[in-house]
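Please open the model in a viewer and keep the sequence panel at hand. The tour proceeds by selection, one stop at a time.

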Amino acid sequence: MSLRNIVNKIFRLGSQTTATSTTRTLSSIERRRQEDIQKLAALIPNPRNPTETSPEHQTNSTTTTTTCIHERVSTHALQQTLHLLAQIQTNHTPDHQLSIQNSLVGDSSGDGLFLEKGTLHPGSVVALYPGTALFHEEISFFGGVHHMFPEDEEMDWFIHRSDGVVIDGLGKTHELNAIGGGGNMASSDGGDTEGHALAEMMDKLTLLQTQGTSCMPDQTLSNPFAIAHKANHPPQGISANVVAVAIDYCFSTMNPQLFPYIPTRHAILPNVLCEQGITFVASRVIEAGDEIYLDYATSKESRPEWYNDAVRT
């Protein structure tokens, strides 16, 4: 059966309703992420003059937009990430090494991510976030992440990009048959909006299936830096030392020998690599032995009991 027929059979039960609580949560997280990106941009050398930091932060120019800042930080992070992947692929020893140890946050925090060797300066790529990606079109059609994953524990390893892509650090995949038969999709109203969402879904998945970059499981190679999902939220009174930066690979111009080290795949088509990724970039000096901390920036509506606001400087 073709992908389009499968989607037609299953998605007729779908809905485009998005949970209000999810929207509030993502808006709060996104505001904090934007602040972090802007602060990080001030620490990254200006590519036009490596001895200077970002001119937009020195002159407070009104012509510089948030989008430009994000693009510059993302481009910098992508270049650093590709360099790191090339070092792994050519068996060159990277400048730093990571390890997973018992977290210093507390007894119940479990594993933590640590800098094992080297010194990282602001702007250096620390780790890559692995997992499977769900796109905005899929999440919206299925009624939002809370509708797709009714148990909060299922979303413990989720990280969100501002473009609506969600990466699941546990790497869960979603067979279309299972999604359609599991009873966890919103009910259909048969309206035009749903029909449009259905068409977008079919077009996107068909395009990925026919033109996406495939990498079969037996072609996947170990990436020792694809462990960013092990980073914890900092304990009370401590600042984060990394920022999550969205990057977009361009597979058509990349060295294909790097593909087996890309740590993100499509959740519904797990043999298809995902060009949308997330990398953790140092926001302050990190020394060997330091634990890696990411500000989870959780909203008041969804924060767990253990959560404390990270110190923001």
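Select C250 first: with a relative accessible area of 37%, C250 is partly exposed, because this value lies between the 20% and 50% limits. The model is a predicted one. Next select C274, whose relative accessibility is 2%; C274 is therefore counted as buried. How many disulfides does the model contain under the distance rule applied to cysteine sulfur atoms? The count is zero.

Now display the whole protein as a cartoon. Eight helices and eleven strands are present. Of the 313 residues, 46% count as buried. Among contacts with a separation of 6 or more, 79% join residues 24 or more positions apart.

Proceed to the interior. The largest nonpolar core holds 70 residues, and V126, Y249 and F280 are those that touch the most other members. Helix α4 provides the largest share of this core, seven residues. Keep F280 selected and show its surroundings. Leaving aside residues up to four places away in sequence, F280 touches S124, V125, V126, A127 and Y129, together with I159, A228, A231, V242, V243, A244 and L294. One of these contacts, V126, is itself named with F280 among the core residues that touch the most other members.

Select residues 66–89 next, which form helix α4. Within this helix, pick Q87. Is Q87 buried or exposed? Its relative accessible area is 13%, so Q87 is buried, the limit being under 20%. Apart from residues up to four places away in sequence, Q87 is in contact with H92, T93, P94 and D95.

The last stop is an open space. Rolling a probe the size of a water molecule over the atoms shows where empty space is left. Display the second largest pocket, which contains about 390 Å³ of space. Its lining consists of 19 residues, and to centre the view one may select H70, S74, S162, V245 and A246, which lie nearest the centre of the pocket.

Which elements each supply at least two residues of this lining? They are α2 (20–43), α4, β7 (158–160) and β9 (242–248). Helix α4 gives the largest share here, six residues. Finally, colour the lining by residue class: eight residues are nonpolar, five are polar and six are charged. Helix α4 thus appears at two stops of this tour, with the largest share of the nonpolar core and the largest share of the pocket lining.

How values were computed
Residues are numbered from 1 along each chain as its sequence is written. This is a predicted model: local features need pLDDT of at least 70, side-chain atom pairs count only at pLDDT 80 or more; totals for chains, interfaces and linings use all residues. Side-chain values use heavy atoms; hydrogens and water are left out. Helices (H or I, at least four residues) and strands (E, at least two) are DSSP runs, numbered from the N terminus. Buried means under 20% relative accessible area, exposed over 50%, partly exposed in between (1.4 Å probe, protein chains only). Contact means heavy atoms within 4.5 Å. On a 1 Å grid over the protein atoms alone, a cavity is a set of points where a 1.4 Å probe fits but cannot get out, and a pocket is an open set with protein on both sides within 12 Å along at least five of seven lines; lining residues have an atom within 4 Å of a point. Grid points are joined across faces, edges and corners, and a volume is the space filled by probe spheres set on the points. Ala, Val, Leu, Ile, Met, Phe, Trp, Tyr, Cys and Pro count as nonpolar, Asp, Glu, Lys and Arg as charged, and the others, Gly among them, as polar. A disulfide is a pair of cysteine sulfur atoms within 2.5 Å. A nonpolar core is a set of buried Ala, Val, Leu, Ile, Met, Phe, Trp, Tyr and Cys residues joined through side-chain atoms within 4.5 Å.
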